[in-house]
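Ready for some practice in reading a protein structure? Work through each exercise with the structure open, and try it yourself before you read the solution.

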Amino acid sequence: MSIDDDTKQMPQGDWVGERAHALASLRDFIPKMPRYAPRRNYAVPGDDGVSRLSPYLRYRLISEEEVVTQVTDALDFSVAEKFIQEVVWRTYWKGALHLNPGVWYSYQERVNELVAVADASSWGPVCEAARAGRTHLSYFNEWVHELTATGYLHNHVRMWFASIWIFTLKIPWQLGAAFMYHHLLDGDPASNTLSWRWVAGLHTKGKTYLARPDNIAKYSEGRWTPHEGELATEPFVVQDELRLSARQEPELRCVVSSTSPGLVLSADDLSIDQILDTRDYSSICIYDAAEDRTPLKREFLARAIEDLCERVAEQRSDRSIAVVSSQSDLTRWQEKESLDSVVIVQPQVGFPVNDLNSWVSSLVTSETSVGVLHRRWDHELFPLCSKGFFTMWERFQKRWATKASLSGLVGAGPGTPQ
Ligand SMILES: Cc1cc2nc3c(=O)[nH]c(=O)nc-3n(C[C@H](O)[C@H](O)[C@H](O)COP(=O)(O)OP(=O)(O)OC[C@H]3O[C@@H](n4cnc5c(N)ncnc54)[C@H](O)[C@@H]3O)c2cc1C
């Protein structure tokens, strides 16, 4: 079994990987905000209840900070509170994974192990049927087809999907998470892995999410009506196979010696040019991890990276921006540009950070100086994510109310506070 089989589809997405589209989508959604809290849980085609901003937020074609700022500039906090809370959930998951990167590495290891034993396992055939959308549950099959064709599922559908995968079909959660991650345009190491763990009862120990027929019928307004007895009625305890020995990444934290270092960006943050003067850097490189992607995701991300390159080219006379996808390409870029100092914008835990961290380790031994920049939003909020979401949410609200800045950058780079 491979976790990355593509369905035969041509790119046909609703999302265009351009910052202008992200900004326009937010602008169009703001007037619809009063419907968000009452309608966000309804998964009804054509309903404007949710923003569908997640592919843009995932790659930060628009940042969480910009979204919350623009929304609160236009509306009372109370009108947009539920929406802002959801945007902050994204940050919470990122912060939680940042504080516990072993969860990611452990999950990755387990996916590889499960893929290797799938053909000989009792759940293997069910897993194949689920991935192909050929189970005995017609609504589940519809969700699989929608996911693979569009790269998107409504949040409530993602919850039902994960719950049925784990508790009714009894397939290991890690394979469902990997399947969803691969197909979602917004596939995100933190939101996806930790949401699956949450459904399985592994994030808040013992608190599982069980999809119920009446809930599915109500929130799909009768489109999907599972029969009583068709879905699991009792959750079981999912073993947490988290390995404490799993690799923990050291944080990248160093200094910059040159006044005009090279800059390494990652595909995790494609609107960094809005808060950083790219003219401070002698050369720029965008690192996009070599992941196996669906055609939809490839197209979206290729355009998003091109879009960043076009914006950066407007700021600088030097128009050459390298786009690389391996450690050896990074080294070639550094050697070609004769850089003895580089600054990296910290990527989130996930594929890019794996490679970037090993590259940085090799730089440190070769005596190249390395600086790391963090968005202030991440720097201030991630440490608050060690407990439950609502503890973090309360502290976030207090901070936001005092207008304490969460914008800009911190870290070691030209012109930034250390
Ligand atoms: C099993 C499961 C897997 C998921 N996998 C991902 C994933 O890979 N990538 C991803 O971006 N989201 C994931 N989510 C979270 C959520 O489903 C999506 O962010 C949301 O559906 C995106 O649609 P939207 O932009 O219309 O959301 P809206 O409801 O309009 O919310 C606005 C923004 O808030 C954030 N947000 C909303 N709900 C959540 C949530 N529950 N958790 C975290 N952030 C949220 C998103 O950035 C979203 O764009 C997952 C949820 C579940 C239950």
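## Exercise 1: Two crossing helices

The axes of α5 and helix α17 (residues 389-401) cross at roughly 115 degrees and come within 10 Å. Keep in mind that this is a predicted model. Task: find out which residues of α5 and α17 meet, and sort the contact by class.

**Solution.**
Step 1. Start with the handedness: α5 and α17 cross in a right-handed way.
Step 2. Now look for the partners. On the α5 side they are Gln 85, Val 88, Trp 89 and Tyr 92, and on the α17 side Phe 389, Met 392, Trp 393 and Phe 396.
Step 3. Consider the spacing of positions in a helix. An α-helix has 3.6 residues a turn, so residues three or four places apart point the same way.
Step 4. Sort by class: the contact of α5 with α17 has seven nonpolar residues, one polar residue and no charged ones.

## Exercise 2: A helix in the interior

Task: decide whether α10 is enclosed or open, and name the elements its buried residues pack against.

**Solution.**
Step 1. Go along the helix and list its buried residues: Trp 173, Gln 174, Leu 175, Gly 176, Ala 177, Ala 178, Phe 179, Met 180, Tyr 181, His 182 and His 183.
Step 2. Draw the conclusion. Eleven of the eleven residues of α10 are buried, so this helix is largely enclosed by the rest of the structure.
Step 3. Name the surroundings: the buried residues of α10 pack against α6 (102-117), α7 (124-132), α8 (138-150), α9 and α11.
Step 4. Take one of these neighbours, α11. The axes of α10 and α11 are 10 Å apart, and the two helices pack at an angle of about 145 degrees. Their crossing is right-handed.
Step 5. Find the contact itself. Trp 173, Gly 176, Ala 177, Met 180 and Tyr 181 of α10 face Asn 192, Thr 193, Trp 196 and Ala 200 of α11. By class, this contact has six nonpolar, three polar and no charged residues.

## Exercise 3: Around the ligand

Task: work out which residues come nearest to the ligand and which elements give two or more residues to its shell.

**Solution.**
Step 1. There are 28 residues around the ligand, and Ser 51, Ser 54, Asn 155, Asn 192 and Ser 195 come nearest.
Step 2. Two or more residues of the shell come from each of α3 (54-58), α5 (77-99), α9 (155-168), α10 (173-183) and α11 (189-200).
Step 3. Sort the shell by class: 13 residues are nonpolar, seven are polar and eight are charged.

## Exercise 4: Two domains

Task: describe how domain 1 and domain 2 touch.

**Solution.**
Step 1. Set the bounds: the domain assignment gives domain 1 (123-219) and domain 2 (262-375).
Step 2. Their centres, taken over C-alpha atoms, are separated by 33 Å.
Step 3. Count the contact: six residues come from domain 1 and seven residues from domain 2.
Step 4. Look at the domain 1 side, where α10 and α11 each supply at least two residues. The side of domain 1 that touches domain 2 has three nonpolar, three polar and no charged residues.

## Exercise 5: Buried, partly exposed or exposed?

Task: classify Leu 265, Asp 329 and Ser 338. You will need the cut-offs: 20 or more other C-beta atoms within 10 Å for buried, 12 or fewer for exposed, and partly exposed in between.

**Solution.**
Step 1. Leu 265 sits in strand β1 (residues 262-266). Leu 265 is buried because 28 other C-beta atoms lie within 10 Å. Leaving aside residues up to four places away in sequence, Leu 265 touches Ile 272, Ile 284, Ile 286, Tyr 287 and Val 345.
Step 2. Asp 329 belongs to helix α14 (residues 327-336). With 16 other C-beta atoms within 10 Å, Asp 329 is partly exposed.
Step 3. Ser 338 is in the loop between α14 and β4 (341-345). Ser 338 has 9 C-beta neighbours inside 10 Å, so it counts as exposed.

## Exercise 6: An unusual backbone angle

Task: what is the phi of Arg 60, and is Arg 60 buried or exposed?

**Solution.**
Step 1. Recall the background: most residues other than glycine have a negative phi.
Step 2. Arg 60 is not a glycine, yet its phi is positive, about 50 degrees.
Step 3. Arg 60 lies in the loop between α3 and α4 (64-74). Arg 60 is buried, with 24 other C-beta atoms within 10 Å.

Methods. Residues are numbered from 1 along each chain as its sequence is written. This is a predicted model: local features need pLDDT of at least 70, side-chain atom pairs count only at pLDDT 80 or more; totals for chains, interfaces and linings use all residues. A residue is near a molecule or strand if its C-beta atom, placed from the backbone, lies within 6 Å of it. Helices (H or I, at least four residues) and strands (E, at least two) are DSSP runs, numbered from the N terminus. Ala, Val, Leu, Ile, Met, Phe, Trp, Tyr, Cys and Pro count as nonpolar, Asp, Glu, Lys and Arg as charged, and the others, Gly among them, as polar. Two residues are in contact if their C-beta atoms, placed from the backbone, lie within 7 Å. Axes are lines fitted to C-alpha atoms, for helices over the stretch in contact, and angles run from 0 to 180 degrees between N-to-C directions. A crossing is left-handed if the near helix is turned anticlockwise from the far one by less than a right angle, and right-handed if clockwise. Domain bounds come from an automatic or database domain assignment.
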